[in-house]
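Student: I have just opened a structure that is new to me. Could we go through it together?
Tutor: Certainly; please put it up and begin wherever you like.

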Amino acid sequence: MNQTLLFDFSVNKETKTINVKREFAAGTGPVWEAWTNPEILDQWWAPKPYKAETRKMDFRKGGYWLYAMTCPGSTEFKDQLSRMDYEEIEPKKRFSGFTAFCDETGKVTPGSARSLWSNVFTENNGHTTVAISLKFDKLEDLETMVKMGFKEGFTMALENLDQYLETGV
Amino acid sequence: MFARRFAIKCLHDMKTRRDIFQAIADPTRRAIITLIALQAMTPNALAEHFKTTRQAVSNHLQILSECQLVKPVQQGREIYYELQIDKMKEIDKWLEQFRKIWESRFDNLDKVLQHMQKKQKDETKPKKD
C-alpha cells in the first residue's frame, strides 16, 4: 500500500456512520470516471480475490448499478448480487445512493439492509481526495455486509496474501 | 437435558439480540461499562455511583445483557455484573474487516488509475518517425 497517500478510516458508533477518506494520485477527471464507468469499476471495486461484474449500469438520479461478485474457481455468491441506487449526482463533485443485496433480477433480498452512501470528490494539486460516508442502521447490517459479501475465508485470504507478500512464501 | 437447555438459550439469544451500537450510544451505559471493566459490580453498587435509582440501573444492565456486553454472575447472595470483553472485540473485528475491504479496493484503484494515466500519456506522445 502506498504510504504517502492519505487514507482515513473512522467510525462513529453513535451515528452509525463509517467515514473513509482516500487520496488518489490523479485528477477528478479520471477518478470520477473510475467511480462511475462500469467498465472501470469492474476492474477495482471488488477486493481481491473477487472480481466485480456489472450486469447493468444506469448512472443517473433514479438509476442503478447492478453487479455480481465473482471468484475464480468458485460458485460462491453465484446468485448474490448487489445494487446501488443513485440519488443525488453532481458530476465530478459528488454522488450518493443506497446499496443493498439483491438477486439476478435486481430484486432486493428480503431482510437485506439498505445503507446510504455519499461520496465527495475534491481535487488538490493534481490529486483527488474521495470522502465516503456510509450510514447504516444496525451493527447487524455491518456484519451482514461483511459476512454475506465477504465470508471469513476472504479475510483469511487477505491475511495469507499479506504473509505471502511479506515472506514470499 | 443439557441439549434442550442449550437450544432454548440459543433461541432466546437470537430473539432478544439487541442492537449493540444503540446499547453503547447511551452515556450512562458507557459509564457502567467503564466501571465494571475494572471489576464486576452489583446493581446497588452501581446505583450509588450514579446517584440514580436501582431500577434505572437495572434497566441499563438489562439492555447491556441483551446484547451480551455484560453477564450476571451469582456470588453468594449477590449478583455481580461482569463485562464480556469478547463482545466489545467483536464490534472492532467487523469494523477491521470492513476497513480491509476498503483498503483492498483502493489499492486496486491506485493501479487502475496508474494504468489509465499511462495509457493517456502513451496516446498523446508525439509519434517518432
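Student: How are α3(B) and α5(B) set to each other, roughly parallel or roughly perpendicular?
Tutor: First, please keep in mind that this is a predicted model. In it, the axes of helix α3 (residues 27–38) and helix α5 (residues 54–66) of chain B come within 10 Å and cross at roughly 75 degrees. The two helices are therefore roughly perpendicular to each other.

Student: Which residues meet there?
Tutor: From α3(B), B:Thr28, B:Arg29 and B:Ile32 meet B:His60, B:Ile63 and B:Leu64 of α5(B). By kind, the residues of this contact divide into three nonpolar, two polar and one charged.

Student: What else does chain B contain?
Tutor: Chain B has six helices and two strands. Along the sequence, its pattern reads α-α-α-α-α-β-β-α.

Student: And how do β1(B) and β2(B) go together?
Tutor: They form a hairpin, with two residues between them. Strand β1 (residues 70–75) and strand β2 (residues 78–83) of chain B run antiparallel and are joined by six bridges. B:Gln74, for instance, stands opposite B:Ile79 in β2(B). In the turn, B:Gly76 has a positive phi of about 65 degrees.

Student: Where is B:Ala45 placed?
Tutor: B:Ala45 belongs to helix α4 (residues 43–50) of chain B. Its C-alpha atom and that of B:Tyr80 are separated by 9.5 Å, although the two residues are 35 residues apart along the chain.

Student: Why does B:Ala45 count as partly exposed?
Tutor: B:Ala45 counts as partly exposed because it has 16 C-beta neighbours inside 10 Å. A buried residue would need 20 or more, and an exposed one would have 12 or fewer.

Student: What about B:Thr52, where is that found?
Tutor: B:Thr52 is found in the loop between α4 and α5 of chain B. This residue is partly exposed, because 14 other C-beta atoms lie within 10 Å. Leaving aside neighbours within four places in sequence, B:Thr52 is in contact with B:Ala47 and B:Val57.

Student: Let us change to chain A. What is its secondary structure?
Tutor: The secondary structure of chain A comes to four helices and eight strands. Read along the sequence, the pattern is β-β-α-α-β-β-β-β-β-β-α-α.

Student: In what order do the strands of the sheet lie?
Tutor: The eight strands make an open sheet in the order β1-β2-β8-β7-β6-β5-β4-β3 (chain A), and the pairing is antiparallel. Its edge strands are β1 (7–12) and β3 (51–57) of chain A, each of which pairs on one side only. From one strand to the next, the twist averages 20 degrees.

Student: How many bridges join β1(A) to β2 of chain A?
Tutor: Six bridges join β1(A) to strand β2 (residues 17–24) of chain A. A:Asn12 stands opposite A:Thr17 in β2(A).

Student: Which helix packs on the sheet?
Tutor: Helix α1 (residues 28–36) of chain A packs on it, touching β2, β7 (115–124) and β8 (127–135) of chain A. The direction of α1 makes about 160 degrees with that of β7(A).

Student: Which residues of the largest nonpolar core touch the most other members?
Tutor: They are A:Phe24, A:Val31, A:Ala34, A:Trp44, A:Ala52, B:Leu109 and B:Leu113, out of 27 residues in that core. In soluble globular proteins, nonpolar side chains tend to be buried together.

Student: Which elements supply this core with at least two residues each?
Tutor: From chain A they are α1, α2 (38–44), β4 (64–70) and β5 (81–90), together with α6 (85–124) of chain B. The largest share, five residues, comes from β4(A).

Student: What is A:Ala52 in contact with?
Tutor: Leaving aside neighbours within four places in sequence, A:Ala52 is in contact with A:Leu41, A:Asp42, A:Trp45, A:Ala46, A:Tyr67 and A:Met69. Apart from the largest core lies another core, of 15 residues, among them B:Ala23, B:Ile32, B:Leu69 and B:Tyr81. B:Ile32 is one of the residues of α3(B) that meet α5(B).

Student: One last topic: what percentage of each chain is buried?
Tutor: Buried residues make up 28% of the 169 residues in chain A. In chain B, they make up 20% of the 129 residues.

Key. Residues numbered from 1 in each chain as written. Chains lettered and ligands numbered in written order. Predicted model: local features only at pLDDT ≥ 70, side-chain atom pairs only at ≥ 80, totals over all residues. Pairing = 2+ DSSP bridges. Axes fitted to C-alpha atoms, helices over the stretch in contact; angles between N-to-C directions. Contact = placed C-beta atoms within 7 Å. Parallel < 35°, antiparallel > 145°, perpendicular 65-115°, else oblique. Nonpolar A, V, L, I, M, F, W, Y, C, P; charged D, E, K, R; others polar. Core = buried A, V, L, I, M, F, W, Y, C linked by C-beta atoms within 7 Å.
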